[in-house]
Amino acid sequence: MASEKLEHLKARLAEVADIDNSASLLQWDMEVYMPPKGAEARGMQLATLSALKHRQFTSAEVGDLLSALDDAELSEDERCLVDVTRYDYERAAALPEEFVHEFSEAQTRAYHAWIKARAESSFPQFQPHLDKIVELNQRRAEYHGYEGSPYNALLEDYERGMTVERLTPLFDAVAPRQSELVRQIGESFAQPNAAWLKGEWDEQAQWDFSIQILNDIGYDFEAGRQDKSVHPFTTNFDMHDVRITTRFSTANPFSALMGSLHEGGHALYEQGIRPEDRRTPLASGTSLGIHESQSRLWENVIGRSLPFWKRYTPLFQQYFPDKLDGVGPEEVYAAVNRVTPSLIRVEADECTYNLHIVLRYRLECDLIEGRLAVEDVPEAWNTQMKELLGVDVPNDAEGCLQDIHWSHGAMGYFPTYALGNLYAAQLLRVIERDVPDLWEKVEQGAFNLLLKWLREHIHQHGRRYTPVELMERVCGEPPDAEPYLSYLSTKYGALYGL
Ligand code: ZN
């Protein structure tokens, strides 16, 4: 009886997954290949699929099947599937259809207003739209319900179980120590020599180098591909079709390479999902924060390490024969880890990145909890930038209008980027314990033991554990800022002679 109901539920879920993955493929095409005039029709196609998916998934049939399976005798894995599905079902069903529609219309308008406002560097043009986005997110929180801060209901969409009560102390620990480190680095006399980076870097050679490194770290090109796009991203339609994109700068050889490593880290996670979870809600990374821990582990912890560049500097020289005369692994390592407090988050280095996130987190909390008026956002932004990073913001385009997220209606998303850094450092401690010759292997370009560890402890579980559960299971402790802060001060203390 229960097994019949379960099979029935799985069949419905498989249809929902197929609709969702088809929409993702259309979205991938939109960002990679679609001609500009295709945008209007594509928008309608995606809206139709999204409505269809919502209707199928929140149908009475799925609700009845879930209720029937509530007390059924199930295996541990089956119970996991039913619980995660019920969780998604309740989240999706909590929002009335008119609200979803209103939200999506406001998003479209806000997005177009934001493009124009940013181009003209004029916050007042975006202000009424941001007002609407904040109000809609406050209502969204009410529909979902929450304990403590309404912001918790928003965080939940990206990082299940994460709360302001847990996050604020983490970020309050990170911000002053990271600000102080950045200040000391700015005053250090040991600034890296980066003169050799000047000039043009051949795009084809950058592409070839990135493909080689992706192959080396274990990205499966039989189950994925790399393309170019304006904003790099990873998307997947199955564990056997996980695609990444990157973008090139002929002025900076690291931009595409580090982008590929970052997206490659996301992709390895999705390629490591169990095939038996295919077409179920379990078949994806458990949260954006854990996802980001994977991308940042490969990009920053591995890709910006000295052992990595001991391995790859000779290859770097082969790909760019005239560019690296007399430049050794130490010089590349120093250059790829240059610290410069800057205005733009997406260009921020490892050492300053989290400070950009702390700023956004504080502003979002204040907006959602009603302590900050939207019209005061630019001033609050600029004050925090000065306080956290020591930089003056010259205009709104390079300040509070720089990110796309708010125009997409997303609030509660930013913290997951910084959590990813924190998680990665916590995971590194356990990996170094379990794989004692990790760094020798990295220096040999042998990443299979590391990948095997990640597959076993993180990837294969999909959504079976929430992020906090997963961290406790793997690290024996909840999310913590200390490993990250000590990783940063050890690495950058040595690099900058502090
Ligand atoms: Zn990422």
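Biologist: Which arrangement do the four donor atoms around the zinc ion form?
Modeller: This is a predicted model, where local features need pLDDT of at least 70, side-chain atom pairs count only at pLDDT 80 or more, and totals for chains, interfaces and linings use all residues. Residues are numbered from 1 along each chain as its sequence is written, and side-chain values use heavy atoms, with hydrogens and water left out. Four donors are tetrahedral if all angles lie between 85 and 135 degrees, and square planar if opposite donors are over 155 degrees apart and all others between 65 and 115. Here the angles run from 49 to 123°, so the arrangement is irregular.

Biologist: Which residues are the protein donors of the zinc ion?
Modeller: Donors are N, O and S atoms within 2.8 Å of the metal (3.2 Å for Na, K and Ca). They lie 2.1 to 2.8 Å from the zinc ion, and Glu292 appears twice through OE, alongside NE2 of His262 and His266. In sequence the spacing is H-x3-H-x25-E. The donor residues are thus His262, His266 and Glu292.

Biologist: Is Glu292 buried or exposed?
Modeller: Buried means under 20% relative accessible area, exposed over 50%, and partly exposed in between (1.4 Å probe, protein chains only). His266 has 10% and is buried. Glu292 has 6%, so Glu292 is buried.

Biologist: How many salt bridges cross the interface of domain 1 and domain 2?
Modeller: An automatic or database assignment sets the domain bounds, giving domain 1 (2-147) and domain 2 (164-496). A salt bridge puts a side-chain nitrogen of Lys or Arg within 4 Å of a carboxyl oxygen of Asp or Glu. Asp18 and Arg279 form a salt bridge at 2.7 Å, N to O. Across the interface of domain 1 and domain 2, the count is four.

Terms used:
Tetrahedral: all angles 85-135°; square planar, octahedral: opposite > 155°, others 65-115°.
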